[in-house]
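Thanks for sharing this one with me. Please have the sequence and the model open side by side while you read my comments.

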Amino acid sequence: MGGNAGAADPDETRKSRKMYASHEDIGYDFEDDPKDKKTLKPNPNIDGRWAWMVVLSSFFVHILIMGSQMALGVLNVEWLEEFHQSRGLTAWVSSLSMGITLIVGPFIGLFINTCGCRQTAIIGGLVNSLGWVLSAYAANVHYLFITFGVTAGFGSGMAYLPAVVMVGRYFQKRRALAQGLSTTGTGFGTFLMTVLLKYLCAEYGWRNAMFIQGAVSLNLCVCGALMRPLSPEKEGKDPVETDPQVLPAHSTESVKSSGQLGRAEEKEGSPGHEEALDDLVAQACQEKAGYRKNMCAFRALKTVSQLTMRVRKGFQDWYSGYFGAASLFTNRTFVAFVFWALFAYSSFVIPFIHLPEIVDLYNLSEQNDVFPLTSIIAIVHIFGKVILGAVADLPCISVWNVFLMANFTLVLSIFILPLMHTYAGLAVICALIGFSSGYFSLMPVVTEDLVGIEHLANAYGIIICANGVSALLGPPFAGWIYDMTQKYDFSFYICGLLYLVGLLFLLIQPCIQIIEQSRKKSVGGTHV
């Protein structure tokens with residue numbers, strides 16, 4: 001890859017760098033130098049005060065979306081009692097919602113390229129709220145598939161991806177820490193939304209609870225409004241647009257001249273000229289009204305034209321990123337990263353599925369009721385995201401190395417967990433799982449390092465899409481393994497092996513690069 005990049009045409013290289021450059025995409029603005037060339041100047045808002053407002057906005061998006069997704073077990077119990085359907089069928093409602101939130105990532109990249117992060121997040125908040133409200137009127141589980149699984153899930157995806165992308169655009173020095181702080185909203189949201197939904201269901205019933213939650217979800221629109229684009233507003237507006245009340249020169253002069261003529265005639269005391277003066281004033285008013293109509297039509301046409309060009313350019317950028325000459329899939333390391341994402345997320349979900357059964361199997365229910373093992377994972381997960389993010393931002397530390405070490409720790413913990421038969425041993429392993437899974441906050445940073453900030457929206461959309469597929473297929477796969485073996489151990493072992501396969505994909509490309517570099521050094525040594 002290095003040799004091909006070096007031999008590429010400079011014009012093509014410049015085109016590929018600009019491929020995703022929309023008004024919001026890049027944290028640099030252009031300045032004219034004395035030679036009429038375009039030079040890049042760092043945007044002053046990057047790593048600035050407003051960047052932390054964007055982190056706060058993303059934090060609340062994670063609370064409202066991911067926190068609500070993790071708390072759907074409360075509503076799942078209510079749906080089982082209401083509709084009297086099987087557990088498997090009812091569970092598909094929450095699985096669809098979580099899966100679609102992630103799977104629609106590549107398509108949300110099209111919205112971001114076309115409309116920008118702010119508008120996409122605001123529309124997503126409205127759609128998500130609509131899904132919650134419509135679900136309050138559900139007559140059966142199949143109705144919930146459409147209203148909650150698809151509608152609310154799609155709205156969640158529209159708000160979630162911009163929240164991650166905007167944090168990446170606003171930070172350069174503390175990217176990992178910023179992503180870590182924003183994604184801790186998932187852990188806090190799990191606790192807050194679980195308590196809120198339990199209280200609302202107990203006080204008002206599940207239907208009114210979903211209606212109220214729909215109103216709460218409108219705060220996603222507020223979070224989207226805080227995602228201010230990086231590029232400054234354009235200066236030097238059209239003088240006609242700045243003052244729409246300006247009249248054509250001939251109309252103004254005609255009024256002035258008519259006014260002067262009228263005053264002169266009045267001084268001369270000629271009443272016959274009053275009718276001519278009235279006609280001139282009426283003509284000026286008609287010209288003014290016609291001018292206003294023409295301006296309104298011109299503005300409407302200009303708006304439609306700009307919107308059409310914006311949609312066309314956004315689609316071209318989105319299509320080129322996936323299928324064009326500069327496609328993301330030509331980056332072999334990124335393709336390996338996608339394969340890793342397909343295997344990784346299901347392994348993270350497995351402990352949450354089987355831990356309650358393992359606790360019952362080893363008669364640890366009393367200790368688990370005092371402090372649930374899943375709560376240990378969730379709490380330590382919050383600290384893991386912040387600590388791993390802070391460590392990855394150190395100048396002497398590679399983000400990629402921190403990411404790989406956390407992954408290997410998680411795989412090792414998944415293999416060891418079935419061997420623990422005491423509450424203390426399970427608690428230690430659950431703490432390791434929670435801490436090492438904090439690498440999720442590093443995923444946007446690693447993706448940005450692989451493809452660049454210009455391609456982050458499309459690239460991270462693909463990554464979370466792979467996670468969504470894994471989240472949909474992982475739990476049924478684990479259940480199928482248990483049905484075949486009647487043991488929980490094999491679920492952990494097989495999913496751990498799949499996780500290792502994903503890690504091998506990440507290691508293939510670095511190994512190839514190391515081998516090529518060693519060959520080049522050996523060839524250079526023989527020539528010398």
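Below are my numbered points, going from the overall fold to individual side chains.

1. A reminder before the details: this is a predicted model. The chain has 22 helices and 2 strands, and buried residues make up 44% of its 528 residues. Its exposed area is about 26900 Å², with carbon and sulfur atoms supplying 64% of that.

2. The contacts deserve a glance too. Taking contacts between residues at least 6 apart in sequence, 83% join residues at least 24 apart. Several of the side-chain pairs below link distant parts of the chain, including E82 with R207 and W52 with F171.

3. How many salt bridges are there? The count comes to 3. One of them joins E82 and R207, whose closest N and O atoms are 3.4 Å apart. E82 belongs to helix α4 (residues 72-83) and R207 to helix α10 (residues 185-217), so this pair spans 125 residues of sequence. E82 is partly exposed at 37% relative accessibility, and R207 is also partly exposed, at 28%.

4. Do take a look at R175, E448 and D449, which salt bridges link into a network. R175 meets E448 at 3.6 Å, N to O; R175 is in helix α9 and E448 in helix α20 (residues 443-451), 273 residues apart. Both R175 and E448 are buried. The bridge from R175 to D449 has its closest N and O atoms 2.9 Å apart. Because R175 lies in helix α9 and D449 in helix α20, this pair ties together parts that are 274 residues apart in sequence.

5. Staying with that network, is D449 buried or partly exposed? D449 counts as partly exposed because its relative accessible area is 45%, whereas R175 counts as buried because its value is 15%. The dividing value here is 20%, under which a residue is called buried.

6. On to the rings: there are 17 aromatic pairs. Why is the pair of W52 and F171 called edge-to-face? Their ring centres are 4.9 Å apart and their planes stand at 70°, so the pair falls into that class, for which the angle must be over 60 degrees. W52 sits in helix α3 (residues 49-70), while F171 is in the loop between α8 (141-170) and α9 (175-183), 119 residues apart. The two rings differ in cover: W52 is partly exposed at 33% relative accessibility, and F171 is buried at 1%.

7. Two further aromatic features are worth showing in a figure. Ring pairs join F337, W340, W400, F403, Y439 and F440 into a cluster. Elsewhere, the ring of W50 has the charged end of R228 over it, 4.3 Å from the ring centre.

8. Finally, the surface. F383, I387, V391, L394, I397 and F435 form a nonpolar patch of about 480 Å². Which helix gives the most to the patch? That is helix α17 (residues 373-392), with 3 residues. V391 lies in helix α17, and its relative accessible area of 32% makes V391 partly exposed. Patch residues need over 30% relative accessible area, so V391, at 32%, meets that requirement.

Notes
Residues are numbered from 1 along each chain as its sequence is written. This is a predicted model: local features need pLDDT of at least 70, side-chain atom pairs count only at pLDDT 80 or more; totals for chains, interfaces and linings use all residues. Side-chain values use heavy atoms; hydrogens and water are left out. Patches are made of residues with over 30% relative accessible area and no salt bridge: like charges are joined within 9 Å, nonpolar side chains (Val, Leu, Ile, Met, Phe, Trp, Tyr) within 5 Å. Accessible areas come from the Shrake-Rupley method with a 1.4 Å probe; for residues, only the protein chains shown count as cover. A salt bridge is a side-chain nitrogen of Lys or Arg within 4 Å of a carboxyl oxygen of Asp or Glu. Helices (H or I, at least four residues) and strands (E, at least two) are DSSP runs, numbered from the N terminus. Buried means under 20% relative accessible area, exposed over 50%, partly exposed in between (1.4 Å probe, protein chains only). Rings of Phe, Tyr and Trp (its six-membered ring) pair if their centres lie within 6.5 Å; planes under 30 degrees apart count as stacked, over 60 as edge-to-face and the rest as tilted. A charge sits over a ring if NZ of Lys or CZ of Arg is within 6 Å of the ring centre and within 35 degrees of the ring normal. Contact means heavy atoms within 4.5 Å.
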